[in-house]
Amino acid sequence: MIYLFTWNSEFLVKQKVQNWKKQFVSKYGDFNLLHIKNFDTVDNNFLTLNITSTSFLSEKKLVIIDIDAPTKKTESETWETEDDSSNSKLDYLTSLFDKIPDDNILLISAVNPDKRTKFYKAITKIAKIEELNVKDNNDIYWVINKNFDKKISREAIETLINYKSWNLSKIMSEIEKLLITFEYINKKEIVENIVPELEESIFQLIDDILNKNIVEATKKMNIILNDVNVYAFYNNLLANLRTSMYISHLKNLWQSTTNISEALNLGNKTFLITKNYKINNNELKRFYIRLLNLDKKMKSGKLMWTEESDFKYELENELIKIISR
């Protein structure tokens, strides 16, 4: 039998795999259990031997394979498109499917797979699929509450979700660490002990910018720049502002929330569409363009200064212009 545990929650996929391992070991022992975590480096002969051979002195055999989807697609990466070479490792794995003995279980875990690939299309025809998905804050809250019932407040969960940019694996890890010290976690424990992700810090900063609260925005920028290179900060700021600008533009065109969310692939950030700000669409566009021009000037040597502190000064000037025009 072949199983596929998949979709967007790395934490839930890993948790499901661990539960299966524990249940298998408790019933059959660990001798006939193999977990392949580095699929790309495994020899094809090793795959064949372990997937197609029967169990030893046991009723069942379990082979688990973790397959990582690449963050950037290239022809040489694991998840190949339908037109790619038929000599890939995934194609070889697919060729073994019909050779699996009845008493063998092949469990494949794959987070965020590309549904267009040959491999995904092949495995969905024969495998039992379980999708482990997190769509929004309510889903994340439900998972946390289920795992840490009566150990953390709702306010603390909501704060941690924002601090860790909706990354469930990081959220669960932080809670486990805090519970070593605290019997119960309130928002206070989160604020005093957890450092927000760069994305969340910039999200708060952008909130101030869009509300023309430039004094607070400048303070937050200075705090972030104590730990982050100014150019890394600048690129992250641009990326997040671009999303805000597109949302503003589409709202200006009277697009529905659903259309905007789908067009921009916002996922659990759909709530951004319903937020209202003091800055108008044209002001936001002008600010974004001025920030882009800073990059052009820097690369063409037209900025007066080149030190990080000087580039920070240019950013502060652009923030001030939002309220001075």
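The exercises below work through the sheet, the pockets and two backbone outliers of one protein chain.

The model is predicted, so local features need pLDDT of at least 70 and side-chain atom pairs count only at pLDDT 80 or more, while totals for chains, interfaces and linings use all residues. Residues are numbered from 1 along each chain as its sequence is written, and side-chain values use heavy atoms, with hydrogens and water left out.

**Exercise 1. Describe the protein chain as a whole.**

Step 1. Count the elements: the protein chain has 14 helices and five strands. Helices (H or I, at least four residues) and strands (E, at least two) are DSSP runs, numbered from the N terminus.

Step 2. Take the extent: the C-alpha trace spans about 80 × 50 × 45 Å along its principal axes.

Step 3. Take the burial: of the 325 residues in the protein chain, 41% are buried. Buried means under 20% relative accessible area, exposed over 50%, and partly exposed in between (1.4 Å probe, protein chains only).

Step 4. Take the contacts (heavy atoms within 4.5 Å). Among those with a separation of 6 or more, 73% join residues 24 or more positions apart.

**Exercise 2. Derive the strand order of the sheet and place β1 in it.**

Step 1. Write the order: the sheet is open, has five strands in the order β2-β3-β4-β1-β5, and its pairing is parallel. Two strands pair if DSSP finds at least two bridges between them. Strands of a sheet pair through backbone hydrogen bonds, either parallel or antiparallel.

Step 2. Find the edges: β2 (33-36) and β5 (128-131) each pair on one side only. From one strand to the next the twist averages 15°.

Step 3. List the partners of β1: this strand (residues 2-7) is joined to β5 by four bridges, and to β4 by six, also in the parallel sense.

Step 4. Read individual positions: F5 has E130 as its bridge partner in β5 and stands opposite S109 in β4. Y3 stands opposite K128 in β5.

Step 5. Check the burial of β1: five of its six residues are buried.

**Exercise 3. Describe how α1 packs on the sheet.**

Step 1. List the strands touched: α1 packs on the sheet and touches β1, β2, β3, β4 and β5.

Step 2. Give the orientation: the direction of α1 makes about 160° with that of β4. Axes are lines fitted to C-alpha atoms, for helices over the stretch in contact, and angles run from 0 to 180 degrees between N-to-C directions.

**Exercise 4. Characterise the two largest pockets by volume, lining and residue class.**

Step 1. Fix the terms. On a 1 Å grid over the protein atoms alone, a cavity is a set of points where a 1.4 Å probe fits but cannot get out, and a pocket is an open set with protein on both sides within 12 Å along at least five of seven lines; lining residues have an atom within 4 Å of a point. Grid points are joined across faces, edges and corners, and a volume is the space filled by probe spheres set on the points.

Step 2. Take the largest pocket: its volume is about 820 Å³. Its lining has 30 residues, and N8, S9, E10, V111 and N112 lie nearest its centre. Two or more lining residues come from each of α1 (10-28), β3 (61-68), β4 (104-111) and α7 (168-181); α1 gives the most, with six.

Step 3. Take the second largest pocket: its volume is about 450 Å³. It is lined by 22 residues, with L210, S244, I247, S248 and Y277 nearest its centre. At least two lining residues come from each of α9 (198-210), α11 (230-252) and α13 (281-299), and α11 supplies the largest share, eight residues.

Step 4. Sort by class. Ala, Val, Leu, Ile, Met, Phe, Trp, Tyr, Cys and Pro count as nonpolar, Asp, Glu, Lys and Arg as charged, and the others, Gly among them, as polar. The lining of the largest pocket has 12 nonpolar, 12 polar and six charged residues. For the second largest pocket the lining has 10 nonpolar, eight polar and four charged residues.

**Exercise 5. Locate N112 and W254, which have positive phi, and state their exposure.**

Step 1. Take N112: phi is near 50°, a positive value in a residue other than glycine. N112 is in the loop between β4 and α4 (118-126) and is partly exposed, with a relative accessible area of 44%.

Step 2. Take W254: phi is positive, about 60°, although the residue is not a glycine. W254 is in the loop between α11 and α12 (257-264) and is exposed, with a relative accessible area of 79%.
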